[in-house]
Amino acid sequence: MKASDLFVRCLEAEGVERIFGVPGEENADLMMSLEDSPIEFVLCRHEQAAAFMADGYGRLTGKAAVCLATLGPGATNLVTGLADANMDRAPVVAIVGQGSTRRLHKESHQNMDTIDLLKPISKWAFSVHRGAAIPEMVRKAFKVAEQEKPGVTVLELPEDIAKEQVENTPITPRKTRRAAADYKAVQQAVDLIANAENPVILSGNGAIRKRAAKQLRRLARKTGIAVINTFMGKGAMPRDDKHCLFTIGLQQRDHANAALDAADVVIAVGYDLVEYAPSHWNQRGGKKIIHIDFMSAEVDEDYDVDVEVVADVADALWQINERLNDEFGDSLPLFDINKRQHIRNTILEDLNAENEDTSFPMKPQKILNVVRDFMRPDDILLSDVGAHKMWVSRYYQCDEANTCLISNGFCSMGFAFPAGMGAKYAHPERRILSVCGDAGFMMNVQDFETAVRKKLNVVALIWLDGEYGLIKWKQQNQFDGKHSDLAFHNPDFEMLAHAFGGWGRTLTSPDQLTGALEEAFAQEGPAIIALPVDYAENRKLTKRLGDLQFSI
């Protein structure tokens, strides 16, 4: 068969159901091979959006999603989406076209070293130099992308290699069992927990992968230790559980930081330093830290780990839970979670303070209260990057893991809507809501047409302020209220949605939001809800958090 046919057979063996991308001349053989395959090719309008779709799909399924681009500008357009997937720990395999190997050694049309470009933002990147190597290379690409910590791999397929005649067959994927935790490390962790006076669990994005959340909840309830989630770890502990102290991540002081400040032992489960640097929560040092993760701890002077339990997180937590049962039995829980309730109640009062507000433009807190009431426990909200991300991260709390997707490693504007399309492919039965700023939404607006064409009911809730609001917020904080010119003009988003063939509505009062959400999610295809937001609340939040006085 042709090498391109073999490539597609290998993708089928990996269980690939769809590919997001924009093909080019150099992908022609591969695209023709896909015509005879059950794999769906989702034709996109921009390669960056295709990478973000794969990002969202991969995060939610745990299996490597696939995106495709041609050489040169097609490959460079993938960069932001791939970098986001890699740093936010989403398994993605990128396939890029390339010119004939007969001209790559010299100056030639669109010739660029794509592999060297993509190596710094991927776990593994390689060019296929001979068709017979395709089964090994495809198997490696998927295996490496899905291994902890998951991320991006890249396969480049030159056009002449795709035409080669080959006789090889795909390599059948085999499930890889992750190693169990070291016996002594588990015992050291249990001893440190048992001898703690005021421990707390810090749950990161590794706690919502590979069934780890179930064991994390067991640990919290078994020991009576409260859990604080990072932005990307939300849902590991349900919001209505008394062990949940909600989220940290704003660099300012916040209520949950009080528990961390007072902790003598921090149990970091799946904690990822790319999200929230330890310098923000361990400034004074002196805490004992238990690191439970798939990989060894990063070296950081503010994250000086006392015990490392390096293994499959779910299994490591299971072993710790079983050891606690063996050693303490009827004495469990070791700590009284009721002593944390005054912090939890303070946070709840704070989160609900604006629930009755009827002002317009709407306050961010009120918007998210309405949205949370509307969304079901397993519905999925995706946040783009901007001022709204700060509000979503703090105020939108979750019942289940992987129901709030935030780009908080690479923090890419333009992420939420195309990643929401990937989420809809992963979970077509759920409501998918992409919360975007007006700036971020316009960065991938072209793929609204893709959602219309594919009849994907993804709803974009666009917060209107006509500025780069997060940059303004940060500049004002740093320069005594001053900021550079960050304003711009917006289209009429309702008309824009209609122009694409979708549904749109611009709201003019707060009581319209719930009805608009109901109507938007009743559509066959995508929808836009444009909502003016009162970002005067940004600096008010900064001041309020700065004035907080902690007491334990």
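Axes here are lines fitted to C-alpha atoms, for helices over the stretch in contact, and angles run from 0 to 180 degrees between N-to-C directions. Helices (H or I, at least four residues) and strands (E, at least two) are DSSP runs numbered from the N terminus. The model is a predicted one, in which local features need pLDDT of at least 70 and side-chain atom pairs count only at pLDDT 80 or more, while totals for chains, interfaces and linings use all residues. Residues are numbered from 1 along each chain as its sequence is written, and side-chain values use heavy atoms, with hydrogens and water left out.

**Exercise 1. Describe how helix H13 packs on helix H14.**

Step 1. Two packed helices are described by the angle between their axes and the distance between the axes. For H13 (residues 364-374) and H14 (residues 387-395), the angle is about 55° and the axes lie 10 Å apart. H13 is therefore oblique to H14, given that angles under 35 degrees count as roughly parallel, over 145 as roughly antiparallel, 65 to 115 as roughly perpendicular and the rest as oblique.

Step 2. The crossing of H13 and H14 is right-handed, the near helix being turned clockwise from the far one by less than a right angle.

Step 3. On the H13 side the contact (heavy atoms within 4.5 Å) involves Pro-364, Gln-365 and Leu-368, and these meet Trp-391, Val-392 and Tyr-395 of H14. By class, the contact of H13 with H14 has 5 nonpolar, 1 polar and no charged residues, where Ala, Val, Leu, Ile, Met, Phe, Trp, Tyr, Cys and Pro count as nonpolar, Asp, Glu, Lys and Arg as charged, and the others, Gly among them, as polar.

**Exercise 2. Carry out the analysis for helices H3 and H15.**

Step 1. H3 (residues 47-61) and H15 (residues 416-426) pack at about 45°, with axes 7 Å apart, and the two helices are therefore oblique to each other.

Step 2. The crossing in which H3 passes H15 is right-handed.

Step 3. Residues of H3 in the contact include Phe-52, Met-53 and Tyr-57, while those of H15 include Met-421, Gly-422 and Tyr-425. The residues of this contact of H3 with H15 divide into 11 nonpolar, 3 polar and no charged.

**Exercise 3. Trace the sheet that contains strands E13 to E18 and place H15 on it.**

Step 1. Strands of a sheet pair through backbone hydrogen bonds, either parallel or antiparallel. Here 6 strands form an open sheet in the order E14-E13-E15-E16-E18-E17, with parallel pairing, and two strands pair if DSSP finds at least two bridges between them. The edge strands, each pairing on one side only, are E14 (404-406) and E17 (503-506), and the twist averages 15° from one strand to the next.

Step 2. E15 (residues 432-437) and E16 (residues 458-464) pair in the parallel sense over 6 bridges, with Ile-432 opposite Val-458 in E16. H15 packs on the sheet, touching E13 (380-383), E15 and E16, and its direction makes about 175° with that of E15.

Step 3. E16 and E18 likewise pair in the parallel sense, over 6 bridges, and the bridge partner of Leu-464 in E18 is Pro-532. On the E17 side, 4 bridges join E17 to E18 in parallel, and Thr-506 stands opposite Ala-530 in E18.

Step 4. Because 6 of the 6 residues of E18 (residues 527-532) are buried, this strand is largely enclosed by the rest of the structure; buried means under 20% relative accessible area, exposed over 50%, and partly exposed in between, with a 1.4 Å probe and protein chains only. Ala-527, Ile-529 and Leu-531 point one way from E18, whereas Ile-528, Ala-530 and Pro-532 point the other way.

**Exercise 4. Describe the sheet that contains strands E1 to E6.**

Step 1. In this open sheet, 6 strands follow the order E2-E1-E3-E4-E6-E5 with parallel pairing. Its edge strands are E2 (40-43) and E5 (124-127), and the twist averages 20° from one strand to the next.

Step 2. E5 is joined to E6 (residues 152-158) by 4 bridges, the two running parallel, and Ala-125 stands opposite Val-154 in E6.

Step 3. Helix H6 (residues 134-146) lies across E3 (65-69), E4 (92-98), E5 and E6, running at about 160° to E6.
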